[in-house]
Amino acid sequence: MSDRSQALPAPEGEFVETSRFGGLSILFALLALVGLGLGVVGAMVDPAQFSFSWLFAFAFFFTLCAGCFFWTLVHHATDADWSVVVRRQLENIASLLAVMAVFLVPVLLLRHHLYGWMNIPPGHEEALDVKRPYLNWHFFLTRAIVFFAFFIIATQLLRRFSVRQDKDGNPRFTFWMRKLSFISLPMFALCLTFGACDWLMSLNYHWFSTMWGVYIFAGTAGSSMSLLVLVITALRNAGYLQDVVTVEHYHVMGKWMLTFTVFWAYIGFSQYMLIWYANMPEETQYFLVRNTESWWALSMLLVVGRFFGPFAILLMQGFKKRPRRLCLLAAWILCMQLLDMYVIVVPALHGTGVHVSIWDFVPLLGMGATLAFVYLRLLGRTSVFPVRDPRVIESINYQN
Amino acid sequence: MRTPSGHTVYAMAAEYESATALYEAAKRVRDAGFKRWDVYSPFPIHGMDQAMGLGKSWLSAVVLCGGITGLLTAAVLEFGPSWFIYPVIVHGKPFDWRTVPAFFPIMFELTVLFSAFAAFFAVLIMNGLPRWNHPIFNWDRFSRATNDGFFLAIEARDPRFTEIEARELLESTGGQHITIVHED
Amino acid sequence: MDSASTAPGVISDEKPLARVPLVLNKRNFSWLTERISGVVEQRAPRWWWVTFTITATIATFGLFCLGYQISTGVGTWGLNHPVGWAWDITNFVFWIGIGHAGTLISAILFLLRQKWRTSINRSAEAMTLFAVMCAAIFPGIHVGRVWMAWFLAPVPNSWGVWPNFRSPLMWDVFAVSTYFTVSVLFWYTGLIPDLATLRDRATSKIKKLLFGIFAVGWRGSNRNWRHYEMAYLLLAGISTPLVLSVHSVVSFDFATSILPTWHTTIFPPYFVAGAIFGGFAMVLTLMIPARAIFKLQDIITPQHIDKMAKIILLTGSFVTYAYTMEFFMAWYSGNQYEKFAFFNRVFGPYWWYWWVGMLFCNMLSPQLFWFKWCRRNIYVVYFVCMCVNAGMWFERFIIIVGGLHRDFLPSSWGMFYPTWVDIWTFIGTLGIFTSLFLLFIRFLPMIAMSEVKIVLPEANPHHGPTADHPPLVATGKERT
Amino acid sequence: MANFFPRWTNWLPLKVAICGVFIVCGLTAATWYYGTPKYTRVGYQPIQPVPFPHDIHVSQLGMDCRYCHSFVDVAAHSNLPNTQTCMNCHTQVQKDNPKLEPVRASWKTGKPIEWVQVHRTPDYVFYNHSAHVNRGISCFSCHGEINHMPVVYHAKPHSMAWCLECHRHPENFLRPDDQVFNLDWKPDDVKPAEFVAKYGQPQNVSEDFSKKKKLTQTEIGQTLKERWNIKPPINCQGCHR
């Protein structure tokens, strides 16, 4: 029990002085231009490699943004109190899904390099023909539009309600957001699952796993919580949220990181073990590529680095209460999420072993810088936490 | 220490009217420098550990040891027979280290089992339980400690204990029914 | 959940946002003690004897069936080629699933700081134990020669044979026995303070002796509470992955095989969600009558039922998601056996199990809980719970028998017909379960008194205006 | 409320715990030892209708095992001799010995002698005598020093673990095929030069066995194992068909 006296936020909230980050914004804008410009070059020079590199970067950033969207939904659906103070940042990052929709366009343009099934005319392969009603270009495109339409509408609405509540503190918005979240949760599950099936699983159209959506979700939720820790700490280091976000909130975020580290391992292990155990060729081909040659080392690194390491560290209670250390681990988990996406996407191209290309980095740079730029723009527009949320006092004084 | 009637004194005890009163009293007793004393309540009171000046329980270390023991037990139990004593290829699975995915479930279960036993026995042993006979039970009012009563007892073993000082301290913190509890 | 810090200024005109107290009508500590201990201390009411007589009779007949099956052999059951597993494993999975809700309430909700769990966790944990006991019967007896069951234990022996640790059935042995042991430890640890309460209230010598022994001399000392809380937290912490693992391991029994409809990677989380789904339905099935009979409405409030209904909705929706993924992937895989198996599930000879059990009971009926008035209406809640109880049994049956009765070779196709021994063994376990639960509510406190007391506002020394904790005032209370 | 429990009960948990440790350890050890009988039927020595002394017939008179157990090297089952086999000699020798009365009675009535079976393999175990005997496993390996037994008793455990000892490491038991029925054979009896000339030696051994003074059992066994390509089954269906 800390004997902290009550912390009361100023009624108008806490705003980021955008002028302070002007330089950073310009830097990100430049980097984004360079990255995306080089990307165009890459798509011309080496379209096969570049398309996989782009998809890999897309998958990474998409899961991060979608994860923040998920946490917003969970916050509202469970009427949670601790997460009120960090919710605005979740909403900001989730809003970036609109940018991700733009970044999907190159995937669609480069589809013939990515998805083998797009190039095979009907009648050539029976195994594919039975899937044609699902795996065909028009339906693929329709689905992508539907998924992103949902993501964009829901995230924008949630953020808008939340921002409007900053003005008058009307609890009506809380109910709206809660209702919207309840409806969104099943939609989210379906969109994420089938998005993961479309964009990642169908890289190998022979392969399938009923767990796939859950697996992608597990990585999504855990890594976006890590991202949240980083973002919140960055804001605190810049002097914001000082009296609002406390060690107790870090403790909770650390616990969620631990939870999803374990959950990711549970889902990943179950999926691997069942396929390994039954040993059916149509399923093992996925792991066969990723567990042999030089891919084996990366797969093992993923097992150790995404589960065993973070698990052992996060188990310690003291660790979760030290923001600086927790940040290091959060960054590490983000790297592991990056690796996870790499091991999912790139072996579809380089089945014989790891082959790192310069084009793997360009889309990461371009996409990351663009997202950071947009994020900084969003950040300045509102208070850094939902200042008149009815539960904000509870949240600030949250005790584990 | 004995009373005039020849009984050994166990403690000076008082009853408090609420959890809050007990909490405040505990802070006073802590600050007065007593070491051998305790508070009794029908439920754990939030923040009382700090109010009494107690640190974090190190029971978790015992449980960690229990868990590691369980993990090792499972590893020996599985690798021993499957690798050395009874190596047989069943449903095409090798019997060397590559079969380890199939061993994880039992490793996990035994880790949990041993941790749970460690937690259970550690909490009993660290609390000195089972202990069916205790001087504090000699106090009639104490039966409410498991119902709605809040008690504080300063033991006579405490080096700072004097009857007068203890009684004054308890009185000044709002203790009621202050009494001497006998050993027998 | 800390209602004390909610500012009254903001919430007064918006009632739904106020945290509803977990114990209604401002009850105090001694009222809780009286009311909960009273259930144990009063004479057994007449309905108790009537119900207990009925359930004990059923249980006895179930035990007779067990004896008959053990002494005569598994031939007394209806299973045969190609359905080699049938009611036995269905019942096993059904019961072990029921157990999961108890651990979820006691451990996972504890870790999630859901304080409303305190009103229901004790009885849910007891239910877990009894359900696991019922579950353990079936794998024990389905091996045929029960007296050889010790082969499963890794004991040095004169055959030089060791259990195959790579077998999912072996994992089951470890998972279920660990689950039972840990649940007992967790349950008993939680019981100790309440046993001490009963000990201190006991009037007869025999009660003083028995409650006294099992209360292990608990005094409620804070030095003890300190370790006790840590132990309870850690037990909750290790029970949480345990409860996930148990039903995952049960699902491995099926999913490691290559049988269509069994071999699918989503089985582990799907089984866990299904278990919690069915378990919560069973908790509500038992708690709704109990709270009415023992007048515990102030402790088990509509809010509790509402929250449990939400969990049923959540897990039911995940189960629906898993069903959907199974069907989709069966089609997407292009594997004709897989496709046929799922087609057969819906339109085959066991079609009505799917339409009634899985579709109506498991997928559709919990969707009622999207609506608040459904969650608040006891009769609707009870109806859905009954649907789910039945639906989850049907689900396991259709997974097992539905997967087996159509072999790869049409010449091996067959049907399964239960015998009276099959049926009465299952009904018998229902009797055993209910009898044990009735005994539990007679002899032990069915609500965790020491834990419910914590959620009362006056249990928190920082509640109310004290010197260093003045009441909190909200910002943003001015409305435009 | 006074103390309900007397003070001595406080020591009870410790006492119970200490006793409990001993009891549990004792029970475990006892179950392990008696519950899983490693020495299955060892020492079993039933009273036979005729006390047939193997030591006299084999060691003193030098009879071969196969004279009586005549199918041991050609059939899965090793037969007990019928009365006629006994009477081949006992119409001449010891023809009035009262101990042989049951044999003579059987000879007259044609009703077989009811020998009590000593070595009994369960019906779910498929054991082929000829397969073992023809590949260098001596009678001694399973039946012990039967040539020195006045009355036959069960000398070895015949548990599955015991079978597996040999099936996993047959080199510890194999002997030259002409010594299978010589129950007194010792590895020292082997003359290395002759042995190597007849059977060769293991492939990946650099040492020349024929130059050695003596060969150990393992060396002999390894040679024979490779020579005869012996790979005893250690999977379940090797014996449980």
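**Exercises on a four-chain contact model**

The side chain of Glu451(C) makes a polar contact, at 2.9 Å, with the side chain of Arg117(C). A polar contact is a pair of N or O atoms within 3.5 Å; within protein, one must be able to donate a hydrogen and the other to accept it, and residues adjacent in sequence count only if both atoms are side-chain atoms. This is a predicted model: local features need pLDDT of at least 70, side-chain atom pairs pLDDT 80 or more, while totals for chains, interfaces and linings use all residues. Residues are numbered from 1 along each chain as written, chains are lettered from A and ligands numbered from 1 in written order, and side-chain values use heavy atoms, without hydrogens and water.

**Exercise 1.** Place Glu451(C) and decide whether Glu451(C) is buried or exposed.

*Solution.*
- Step 1: Glu451(C) sits in helix 16, residues 449–454 of chain C. Helices are DSSP runs (H or I, at least four residues), numbered from the N terminus.
- Step 2: Glu451(C) counts as buried because its relative accessibility is 11%. The cut-offs are under 20% relative accessible area for buried, over 50% for exposed, partly exposed in between (1.4 Å probe, protein chains only).
- Step 3: Beyond four places in sequence, Glu451(C) touches Arg117(C), Thr118(C), Asn121(C) and Tyr232(C). Contact means heavy atoms within 4.5 Å.

**Exercise 2.** Describe the largest nonpolar core.

*Solution.*
- Step 1: This core has 353 residues. A nonpolar core is a set of buried Ala, Val, Leu, Ile, Met, Phe, Trp, Tyr and Cys residues joined through side-chain atoms within 4.5 Å.
- Step 2: Helix 2 of chain A (residues 47–77) gives the largest share, 19 residues.
- Step 3: In chain B, domain 1 (9–41 + 149–156 + 163–182) and domain 2 (59–126) both contribute residues, so the core lies between them. Domain bounds come from an automatic or database domain assignment.
- Step 4: Trp199(A) is among the residues with the most contacts inside the core. Its partners beyond four places in sequence include Leu55(A), Phe58(A) and Tyr115(A).

**Exercise 3.** Count the disulfides and check Cys65(A) and Cys361(C).

*Solution.*
- Step 1: Apply the rule: a pair of cysteine sulfur atoms within 2.5 Å. The count over all chains is zero.
- Step 2: For Cys65(A), the nearest cysteine sulfur belongs to Cys68(A), 6.8 Å away. Cys65(A) is buried, at 3% relative accessible area.
- Step 3: For Cys361(C), the nearest is that of Cys387(C), 4.5 Å away. Cys361(C) is buried too, at 6%.

**Exercise 4.** Which pair of chains shares the most contacts?

*Solution.*
- Step 1: Five pairs of chains are in contact, and chains B and C share the most contacts.
- Step 2: No contact joins chains A and D; their closest C-alpha atoms lie 20 Å apart.

Technical notes
Helices (H or I, at least four residues) and strands (E, at least two) are DSSP runs, numbered from the N terminus.
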